[in-house]
Amino acid sequence: MTGGRWTSGERLTRQDAPISFRIPHAALPTAIGVFLIGGLGPNIELAFIAVLVLLVASALLWRPGEPPILLFTFAYPWIQASISIFHSNWLGIRVTDYAPLSGDMQTAILLSLFGILILAIGMRLGAGAWYSQDARNARALALSQAIEKWFWLYAVSAAVSFAALAFAWTVPALSQPMLALAGLKWAFFFMFAYASFVRGARARLLFAIAFLGELALGVGGYFSDFKSVFFITIFAGFASGVRFTMRSLIMMSVLGALLLGFGIVWTAVKGQYRSYISGGEATQIVTVDYLTRMEKLSELVLGLDAQTLDESTEKLFRRVTYVEYFASVLNYVPSRVPHENGAILWDAVSRPFMPRMFFPDKAAIDDTARTNLYTGGLAGNSEGTSISLGYVAECYIDFGKFGMMIALLIIGLFYGALFRWFLRWKASPSLLGMAVATAVILPVGPLENSFTKVFGTLVIALLVAAALVTLIIPRWAPWLLVAQRR
């Protein structure tokens, strides 16, 4: 690596590609900064462990010239597992006094950190070795076509995504494949962003328009999904080899600050906003048009004051933290409810292959009911939202403290193999494979995700993505499949 750009001297052929490890340039200063700002306090030992886990996993998963989707799949839950440590230090309290729920917070944090580190090891093994030729092939393809061509490819995918979402609402029986199809829009947004970053200012101006458009559309939904456009943009920036100059670091800082700001504001207004757009119903529906929603959202945002924003910042930190229910599970399982010996994981894996048409008695997925079962009812009714335990807690419930690590290793192997498959599959070569892998794996990241939902979502996304790259792309965008030099 030179700066933030991969170079031709890094593994020119497949024959000389032994497994190696490297830490991304931003990881070490980030880890040091996090430790100095939030690590010095009553929980300094936990903070040191968290930072060490971050550095080890970054070295395992960093792949120059490729989208850091596997690193993200570790980093997002790392933040959720460790933020209570740094926030507690900032408040000057022990993590044992941080959570409003009763539970073993320290053990939950440690098991979560070691669990996602094992997940990272599995992803590294599943993804296999890194080859610089893949990065060069992607760059060559991005430069082979005019930026307008990449833009229109993304624009068509955005229109298809909008139609798929509308169809999902009107035909609930087909909602899952339609949602998967809609999510593949991010593959084309990634390719457009990548192509923009390897070009000059004119291309980036066109990309900025698309970015702002996606941001505006993302803000208006029930869950206000404004995060995805930020994440995909950052992934494309790293994959394209953007140099870590002062300007690029400032731009990344601005993006991070904007994302944090949006998160704080959304935390402050989401309760009133959701109540308004759902028509006062405790359900995840939208009953008003986009312009009316934006008008209401603007009204709520303009009505915020400094005290409300300060309280929302505190709420956001606690909302991002996702070890509290796991801490309660540790007090409840196996003392009151026994370990499930793999029942949850088996249900997750078998469920997608048991269509309700042939298995009418198949139980519906109810995250809140599962959380109540293994915590003694701490999730309550949670009308309008779903409260899950998360995949780490589910693995513990299934197999205990040691067996859960084996389960997480296998899950990591699956995610890594999925990434490698798209990258190496002849039907999705070069930049297309990177983009599709990113879009398919993106939803699995958060720590609160139930593997029961994640696995089913991945199976459907795989089928839809396979249909896209084998049936649609060869007909409508064959230039994406041009063979590159290996």
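Colleague: With which residue does Glu314 form a salt bridge?

Modeller: In this predicted model, Glu314 belongs to helix H13 (residues 306-320), and its partner stands 4 residues away in that helix, about one helical turn. An α-helix has 3.6 residues a turn, so residues three or four places apart point the same way. The closest N and O atoms of the pair are 3.0 Å apart, and the partner of Glu314 is Arg318.

Colleague: Is Arg318 buried, partly exposed or exposed?

Modeller: A residue counts as buried under 20% relative accessible area and as exposed over 50%. The relative accessible area of Arg318 is 28%, so Arg318 is partly exposed.

Colleague: Where do Lys296 and Glu299 lie?

Modeller: Their side chains meet in a salt bridge, at 3.6 Å from N to O. The two residues are 3 residues apart, about one turn of the helix, and both lie in helix H12 (residues 290-302).

Colleague: Which residue forms a salt bridge with Lys453, and how many residues separate the pair?

Modeller: The closest N and O atoms are 2.9 Å apart, and the partner of Lys453 is Asp367. The pair links distant parts of the chain, with Lys453 in helix H19 (residues 451-476) and Asp367 in helix H16 (residues 367-375). Lys453 is partly exposed at a relative accessible area of 35%, whereas Asp367 is buried at 7%. Along the chain, Lys453 and Asp367 are 86 residues apart.

Colleague: Which residues are joined into one network by salt bridges that share partners?

Modeller: A search of the whole structure finds 9 salt bridges. Salt bridges with shared partners form one network, and its members are Asp347, Arg351, Arg370 and Glu394.

Colleague: With which side chain does the side chain of Glu66 make a polar contact?

Modeller: Glu66 is placed in the loop between helix H2 (44-61) and helix H3 (69-91). Its relative accessible area is 1%, so Glu66 is buried. Leaving aside residues up to four places away in sequence, Glu66 touches several residues, among them Trp130, Tyr131 and Phe419. The polar contact, at 2.6 Å, joins the side chain of Glu66 to that of Arg63.

Colleague: How far apart are the end C-alpha atoms of helix H8?

Modeller: Helix H8 (residues 185-197) is mostly covered, with 13 of its 13 residues buried. At 1.5 Å a residue, its 13 residues should span 18 Å. The model agrees with this expectation, because the end C-alpha atoms of helix H8 are apart by 18 Å.

Definitions and conventions: Residues numbered from 1 in each chain as written. Predicted model: local features only at pLDDT ≥ 70, side-chain atom pairs only at ≥ 80, totals over all residues. Heavy atoms only, no water. Expected span 1.5 Å × (residues − 1). Buried < 20%, exposed > 50% of the residue type's maximum accessible area, 1.4 Å probe, protein only. Polar contact = N/O pair within 3.5 Å; in protein donor to acceptor, adjacent residues only side chain to side chain. Contact = heavy atoms within 4.5 Å. Salt bridge = Lys/Arg side-chain N within 4 Å of Asp/Glu carboxyl O.
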